[in-house]
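Here are a few short exercises to help you find your way around a new structure. Try each one yourself before you read the solution.

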Amino acid sequence: MWKPIAFFFMLALCFTACKNSRQHRETERAFYYWKSIFAPTSYEKRRADSLGVTTLYLKLFDVVWNKTSKAPEPAARLLVKDTAWLLQKKIIPAVFITNECFYEQDSMQIVQLAKNITSLAGKLAEQNGFGSYPELQVDCDWSGATRDRYFQFLRTVRELNRGKRIAATIRLHQVKYRQSSGVPPVDRGLLMCYNMGDLQQAAVKNSIIDAQEFRRYIQRVATYPLPLDAGLPLFSWVVVFDKGAYAGLIRNADISPGGAPALERSGTGYRVLKDTLLGGRLIKTGQFLRPERSDAATVNAVGRLLSGKLGGRKLSVALYHLDSLTLNKYSLYELESIYNSLR
């Protein structure tokens with residue numbers, strides 16, 4: 001009689017232990033800061049501090065391809081105007097590199113690029129008081145055509161930055177198609193859980209984030225051979241189509257139902273009835289607008305789905321990005337819930 005009771009008692013203990021193990025994952029709360037001038041508003045700083053954010057992923061500069069000189073070059077270098085608050089945080093410098101920078105580079109040029117980026121990153125960090133940063137993140141949406149050169153670049157960056165962790169951003173398609181994309185030779189990856197659909201396709205409902213679409217990608221996350229951190233979106237935009245063709249983005253623009261008489265609801269978006277301004281841009285009669293946003297419920301759902309696939313007891317959860325226009329759209333409770341979705 002006692003054996004079944006003992007069995008069920010042990011089963012309950014195991015279930016509780018597993019549940020508590022998942023609930024007590026240590027998450028490091030972070031924000032991306034992706035502007036070229038670091039001058040956060042008092043509201044942005046208060047909101048980050050209220051959320052217990054300890055880490056900032058800080059973009060130092062972009063690396064873009066110069067078609068004239070046929071060489072990569074730095075752009076949008078960071079200018080820091082608020083060192084006092086910045087230095088209260090753990091800072092992870094990030095460098096964004098366009099994929100074009102790797103198309104026409106030979107091995108010697110790749111090595112030189114790694115040296116140039118390491119040198120400039122170190123110089124900017126030292127000038128602004130965080131020269132002893134623990135980790136450098138490289139952000140590049142590499143392709144099958146550039147994979148080998150990009151990976152050689154990353155290996156060289158690791159060699160030049162001994163004593164620091166090197167991390168790379170990972171897109172969802174690079175996890176799903178791991179065989180062709182390869183796995184970058186770095187210490188950690190940050191999985192970007194956004195930009196899930198093709199925004200240039202009119203039939204897509206929300207190219208930023210879609211929980212159903214996310215399910216198609218996450219099956220291979222659990223077996224991905226890198227420790228992964230998580231990046232979740234808070235941004236929004238309006239996608240513009242002209243005669244069925246993609247015609248650009250209007251960032252941080254909102255379309256409120258009934259508040260725009262020049263627009264008429266149509267399918268997943270709005271048909272423009274007469275020329276008007278939206279977000280400072282002229283939109284023309286006949287164009288189609290598809291508003292997309294990262295609503296809190298969907299971001300939370302994606303976080304919970306990802307949590308079940310991630311191993312490890314510690315990870316960074318980075319929200320993109322620290323900006324008043326973005327943060328005003330979310331309550332403190334909603335942001336807390338998003339962070340907690342990965343505990």
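**Exercise 1.** Is N252 buried, partly exposed or exposed, going by its relative accessibility?

*Solution.* Keep in mind that you're looking at a predicted model. Start with the value: N252 has 35% relative accessibility. Buried would need under 20% and exposed over 50%, so N252 counts as partly exposed. Next, find its place: N252 sits in the loop between strand 12 (245-251) and strand 13 (263-266). Now check the backbone: N252 has a positive phi of about 55 degrees, although it is not a glycine. Most residues other than glycine have a negative phi.

**Exercise 2.** Find A76 and work out where it lies.

*Solution.* Go to the loop between strand 4 (71-75) and strand 5 (79-80), and you'll meet A76 there. Its phi is positive, about 50 degrees, and A76 isn't a glycine either. As for cover, A76 has a relative accessible area of 34%, which means it is partly exposed.

**Exercise 3.** Which peptide bond is cis, with omega near 5 degrees?

*Solution.* Look at the step from Y320 to H321: that's the cis bond. H321 belongs to the loop between strand 18 (314-320) and helix 10 (324-327). For background, most peptide bonds are trans.

**Exercise 4.** Check whether the span of helix 9 (residues 296-307) agrees with its number of residues.

*Solution.* Helix 9 has 12 residues, and at 1.5 Å a residue they should span 16 Å. The end C-alpha atoms are 16 Å apart, so the two agree. Then look at cover: 10 of the 12 residues of helix 9 are buried, among them V299, V302, L305 and L306.

**Exercise 5.** What do the buried residues of helix 5 pack against?

*Solution.* First, trace helix 5 (residues 147-160): its 14 residues reach 20 Å from the first C-alpha to the last, close to the 20 Å expected. Second, pick out buried residues, including Y150, F151, F153 and L154. Third, follow the buried residues to their partners: strand 6 (90-97), helix 4 (107-127), strand 7 (135-139), strand 8 (165-171) and helix 7 (178-181).

**Exercise 6.** Test the whole protein against the radius of gyration of a compact globule.

*Solution.* With 343 residues, a compact globule would come out near 20 Å; the protein has 22 Å, so that agrees. Now add the rest of the picture: the protein has 11 helices and 18 strands, and buried residues make up 49% of the 343 residues. Its C-alpha atoms fill a box of roughly 80 × 55 × 45 Å along the principal axes.

Methods: Residues are numbered from 1 along each chain as its sequence is written. This is a predicted model: local features need pLDDT of at least 70, side-chain atom pairs count only at pLDDT 80 or more; totals for chains, interfaces and linings use all residues. Side-chain values use heavy atoms; hydrogens and water are left out. Helices (H or I, at least four residues) and strands (E, at least two) are DSSP runs, numbered from the N terminus. The expected span of a helix is 1.5 Å times one less than its number of residues. Buried means under 20% relative accessible area, exposed over 50%, partly exposed in between (1.4 Å probe, protein chains only). The radius of gyration is taken over C-alpha atoms; the globule rule is 2.2 Å times the number of residues to the power 0.38. Contact means heavy atoms within 4.5 Å.
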